[in-house]
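Please find below my notes on this model, set out as numbered points. They take up the internal cavity, then the sheet with its packed helices, and lastly the aromatic pairs.

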Amino acid sequence: MDELIAELQRLYLAGLADAPAAALHTMLRGESGASIDLLGPEGAVRALVIELDSDLWTQAAQLYEAVQAELDLPAPAVSVSGGKAYGLWFSFAKPVPLPRAEAFAEGLRQRYLAEVPPTRLTLHPRAPLQLVPAHLGDGRWSAFIDASLGSMFVDEPWLEMAPSPHKQAELLAGQAGIKPDALERALGLLPAASAGAPAGASSADSQAPAVHHEPVGFLLAIMNDDSVETGLRIEAAKALLPYFRKALD
């Protein structure tokens, strides 16, 4: 059990004062479910979770594959948890300011989940999150799963017995956090309206310029921004050519 707790803390709970090991032990023993606020004391997060309703595995799988193939990001962990059955768990290698994490979440939603009604998905970290694995009652357990088995849980999106903490830890051990430069590149490729403003921002706020912390993300944002003069977008594309050529080698 300790190895599972270590993996949860490494990926998703680092820096959270309200996630002591004792509370996690209680949760994993199935004595109670546990929810947690992913927002750290400095207003930053180490995790983002997107939950989708039980019959939306096709959309969840599309997002899972796309973030790897199109955005060159590490694969998120995948969980099943009952009502909002599928969860995609993204880890950040370093703490990310909440507005930046929300911009990333909203960008993913707009690009890959635009057809999903807002009432059928939940974007964390702003919403409290029930940790996984946990006892759901009536003999049902949430758990992390192998993504290749996702379609098997459409009708019954849970486990009927407590998952092995060792096996859960093994699944999480292969997960990696999104590095800051990779996050910037991804934000540059996501819808421009999302890259500079947090989810739920007003239209006036969304016009504020994005803050980029490394040059590739900045150039990608310029290249993909229709409001920027064409000549400047071309120059940004030229500057990015060596990077993309290297990525294809």
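1. In this predicted model, the largest cavity is lined by Leu-11, Tyr-12, Pro-74, Ala-75, Pro-76, Ala-77, Trp-89, Phe-90, Ser-91, Gln-175, Ala-176 and Ile-178. Its volume comes to about 40 Å³, and the count of cavities of 30 Å³ or more is 1.

2. As to the character of this lining, its residues divide into 10 nonpolar and 2 polar, with no charged residue among them. Helix 1 (2-13) and strand 4 (86-97) each contribute at least two residues to the lining, and it is strand 4 that provides the largest share, namely 3 residues.

3. Strand 4 also belongs to an open sheet of 5 strands, whose order is 5-2-4-3-9 and whose pairing is antiparallel. Strand 5 (121-124) and strand 9 (143-145) occupy the edges, and each has a single partner strand, so one side of each remains without a neighbour in the sheet. Direction ignored, neighbouring strands of this sheet are turned against each other by 30° on average.

4. At the strand 5 edge, the pairing can be followed to individual residues. Strand 2 (residues 44-52) pairs with strand 5 in the antiparallel sense over 4 bridges, and Glu-51 has Thr-122, in strand 5, as its bridge partner.

5. Which strands does helix 3 touch where it packs on the sheet? Helix 3 (residues 57-69) touches strand 2, strand 3 (77-80) and strand 4, and the direction of the helix makes about 35° with that of strand 4. Helix 5 (residues 165-173) likewise packs on the sheet, where it touches strand 3 and strand 9, and its direction makes about 50° with that of strand 9.

6. A search of the whole structure for aromatic pairs finds 5. One of them involves Trp-89 and Phe-144, whose ring centres are 5.2 Å apart and whose planes stand at 65°; because planes over 60 degrees apart count as edge-to-face, the pair is assigned to that class. Trp-89 lies in strand 4 and Phe-144 in strand 9, so the pair ties together parts that are 55 residues apart in sequence.

7. Read together, these points return to Trp-89, which is one of the residues lining the largest cavity and which also forms the edge-to-face pair with Phe-144. Strand 9, where Phe-144 lies, stands at an edge of the sheet and is touched by helix 5.

Definitions and conventions. Residues are numbered from 1 along each chain as its sequence is written. This is a predicted model: local features need pLDDT of at least 70, side-chain atom pairs count only at pLDDT 80 or more; totals for chains, interfaces and linings use all residues. Side-chain values use heavy atoms; hydrogens and water are left out. On a 1 Å grid over the protein atoms alone, a cavity is a set of points where a 1.4 Å probe fits but cannot get out, and a pocket is an open set with protein on both sides within 12 Å along at least five of seven lines; lining residues have an atom within 4 Å of a point. Grid points are joined across faces, edges and corners, and a volume is the space filled by probe spheres set on the points. Ala, Val, Leu, Ile, Met, Phe, Trp, Tyr, Cys and Pro count as nonpolar, Asp, Glu, Lys and Arg as charged, and the others, Gly among them, as polar. Two strands pair if DSSP finds at least two bridges between them. Axes are lines fitted to C-alpha atoms, for helices over the stretch in contact, and angles run from 0 to 180 degrees between N-to-C directions. Contact means heavy atoms within 4.5 Å. Rings of Phe, Tyr and Trp (its six-membered ring) pair if their centres lie within 6.5 Å; planes under 30 degrees apart count as stacked, over 60 as edge-to-face and the rest as tilted.
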